[in-house]
Amino acid sequence: MRLLHTSDWHVGRTFHGADLLAEQESVLGCLADIVAEERVDVVLVSGDVYDRAVPSAEAVRVAANALARLRAAGATLVITPGNHDSAARLGAFGEFAAAGGLHLCTSVAGLHEPVLLNDAHGPVACYGIPYLEPEPARHALGVPEARGHTGVLGEAMRRIRADLAGRAQGTRSVVLAHAFVTGGEGSDSERTISVGGVEQVPGAVFDGVDYVALGHLHGPQRLAEHLRYSGSPLAYSFSEAAHRKSVWLAELDADGLAEVWRRELPVPRRLATAEGDLEDLLSAPEYAELTGCYLSVTLTDQVRPLDAMRRLRERFPHAVHLDWQPAGGSSEPLRYAEAVRGRSDAEITGGFLADCRGAEPNERESALLTAALEQAEKADPEQDGELR
């Protein structure tokens, strides 16, 4: 039996305000091509199908089209919800969907009841663990003494191993789970799932099964031969610019996991960063190759340029993030008490403006600040000339 492991689609997510639905539809469509080319039997989606619990109608359309294409390509689908999904909404009509080859494993109470599939070597039991929020999950699982993610996932796996032990000898096993496993490397685009400061669980929690398809972390990773993250199909933060987005393909033979290999996914729009003075970025020929990228720019001008993002987008239409770090600027944090001690209101406001943009107020701006301070004092004469 051949498995395709994917996760963290986050359909409906934006990238610094840019709509990604077209890119998501394109990449998810490529999964169907891989299913057909590699003769995949089962597609595993380990959580975060959507980016929010109540997705938009357009996001639902994109996800539904992707699932329909995967099914039409010949694969059975097994899906679990992640921490961004609503398990109840994702699992609606799940019993009916299963008849058409779409298995939605969204029930905490039923996580030890596998999707049973068969190949030439016999049965394969696919167990889908929905994302387990520790506090409600420990009560739903009847283990109020369980603590944190390790406690509830440990109980989930205990139930799975108990069910597996009662099945025919030679039954192979696959688990889908959405969690932060120790040794995994996170990125800036994952929502924290920490509870009491502890969000990681040891990989040993998942011992005893042939393959564990993990979701939550957005970079493809191998923690052990049988324990892997597929990562997200698209980059959702600039910290992922160097990721090679991909899916895992796993082959099960009569003895269990036989082989795992990776298929890289296309990149609809590359991510890039640039740093320098605004005028150089707008004119230097070496930046021409960045015009088609989602771009994060750090400006190093001594004075913060006016209307910088609009000007950047004239050359880089997909610039989405802007920062200003003047060359040679101080990295020391500004302390309020030191900033105001012994200074007049006019000096404090002028210093604030200089700190924000890197230049002292000019004569006209100083006059406007003085007039504003005088007006404020008239409105509240109890200030006695001091800012509050």
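Start by selecting Asp307, which lies in the loop between β18 and α8 (308-315). What you have open is a predicted model. Check the backbone here: phi of Asp307 is near 55 degrees, a positive value in a residue other than glycine. That is worth a pause, as most residues other than glycine have a negative phi. With a relative accessibility of 43%, Asp307 counts as partly exposed.

Now jump to His16, in the loop between β2 and β3 (18-19). Here too phi is positive in a non-glycine residue, near 50 degrees. His16 is partly exposed, at 41% relative accessible area.

**The aromatic cluster**

Step back one residue to Phe15 and add Phe238 and Tyr294 to the selection: these three form one aromatic cluster. Two aromatic pairs are counted in the model. In one of them, the ring centres of Phe15 and Phe238 are 5.1 Å apart and the planes meet at 55 degrees, so call this pair tilted. Where do Phe15 and Phe238 sit along the chain? Phe15 belongs to strand β2 (residues 14-15) and Phe238 to the loop between β14 (227-229) and β15 (246-253), so the pair ties together parts 223 residues apart in sequence. Phe15 and Phe238 are both buried.

Swing over to the other partner. The rings of Phe15 and Tyr294 have their centres 5.3 Å apart, with planes at 55 degrees, so this pair is tilted as well. Tyr294 is in strand β18 (residues 294-299), so its pairing with Phe15 in β2 links parts that are 279 residues apart in sequence. Are Phe15 and Tyr294 buried or exposed? Phe15 has 1% relative accessibility and counts as buried; Tyr294, at 6%, counts as buried too.

Keep Tyr294 on screen and show Arg269: its charged end sits over the Tyr294 ring, 5.5 Å from the centre. For another arginine over a ring, select Arg228, which lies over the face of Trp248 at 4.4 Å from the ring centre.

**Down the axis of α2**

Next, select helix α2, residues 57-72. Its 16 residues should span 22 Å at 1.5 Å a residue, and the end C-alpha atoms are indeed 22 Å apart. Colour the buried residues of α2: Ala59, Val62, Ala63, Ala66, Leu67 and Leu70. Turn the view to look down the helix axis, and these buried residues fall within an arc of 130 degrees, so they line one face of the helix. The spacing makes sense, because an α-helix has 3.6 residues a turn and residues three or four places apart point the same way. On the other side of α2, Ala57 and Ala72 are exposed.

What covers the buried residues of α2? The cover includes α1 (21-38), β4 (42-46) and β5 (76-80). Before moving on, look past the end of α2 at Gly74, which has a positive phi near 115 degrees.

**Over to α1**

Select α1 now. This helix has 18 residues and reaches 26 Å from first C-alpha to last, close to the 26 Å expected at 1.5 Å a residue. Its buried residues include Leu21, Val27, Leu28, Leu31, Ile34 and Val35, but also Glu23, Gln24 and Glu38. Just after α1 you'll meet Arg39, with a positive phi of about 55 degrees.

**Into the cores**

Time to show the largest nonpolar core, which has 42 residues. Those with the most contacts inside this core are Leu4, Trp9, Val11, Val43, Val49, Leu70 and Ile79. Which elements give two or more residues to the core? They are α1, β4, α2, β5, β6 (102-104) and β15. The biggest share comes from α1, with seven residues.

Zoom in on Val49 and show what it touches: Trp9, His10, Val11, Ala63, Ile79, Asp85 and Leu90, leaving aside residues up to four places away in sequence. Then find the second, separate core of 31 residues, with Leu141, Phe206, Leu217 and Leu227 among them.

**Last stop**

Finish at Ala109, in the loop between β6 and β7 (115-119). Ala109 is exposed, with a relative accessible area of 52%. Draw a distance from its C-alpha to that of Ala137: the two residues are 28 apart in sequence and 9.4 Å apart in space.

Note on methods
Residues are numbered from 1 along each chain as its sequence is written. This is a predicted model: local features need pLDDT of at least 70, side-chain atom pairs count only at pLDDT 80 or more; totals for chains, interfaces and linings use all residues. Side-chain values use heavy atoms; hydrogens and water are left out. Rings of Phe, Tyr and Trp (its six-membered ring) pair if their centres lie within 6.5 Å; planes under 30 degrees apart count as stacked, over 60 as edge-to-face and the rest as tilted. Helices (H or I, at least four residues) and strands (E, at least two) are DSSP runs, numbered from the N terminus. Buried means under 20% relative accessible area, exposed over 50%, partly exposed in between (1.4 Å probe, protein chains only). A charge sits over a ring if NZ of Lys or CZ of Arg is within 6 Å of the ring centre and within 35 degrees of the ring normal. The expected span of a helix is 1.5 Å times one less than its number of residues. The arc is that of the directions from the helix axis to the C-beta atoms. Contact means heavy atoms within 4.5 Å. A nonpolar core is a set of buried Ala, Val, Leu, Ile, Met, Phe, Trp, Tyr and Cys residues joined through side-chain atoms within 4.5 Å.
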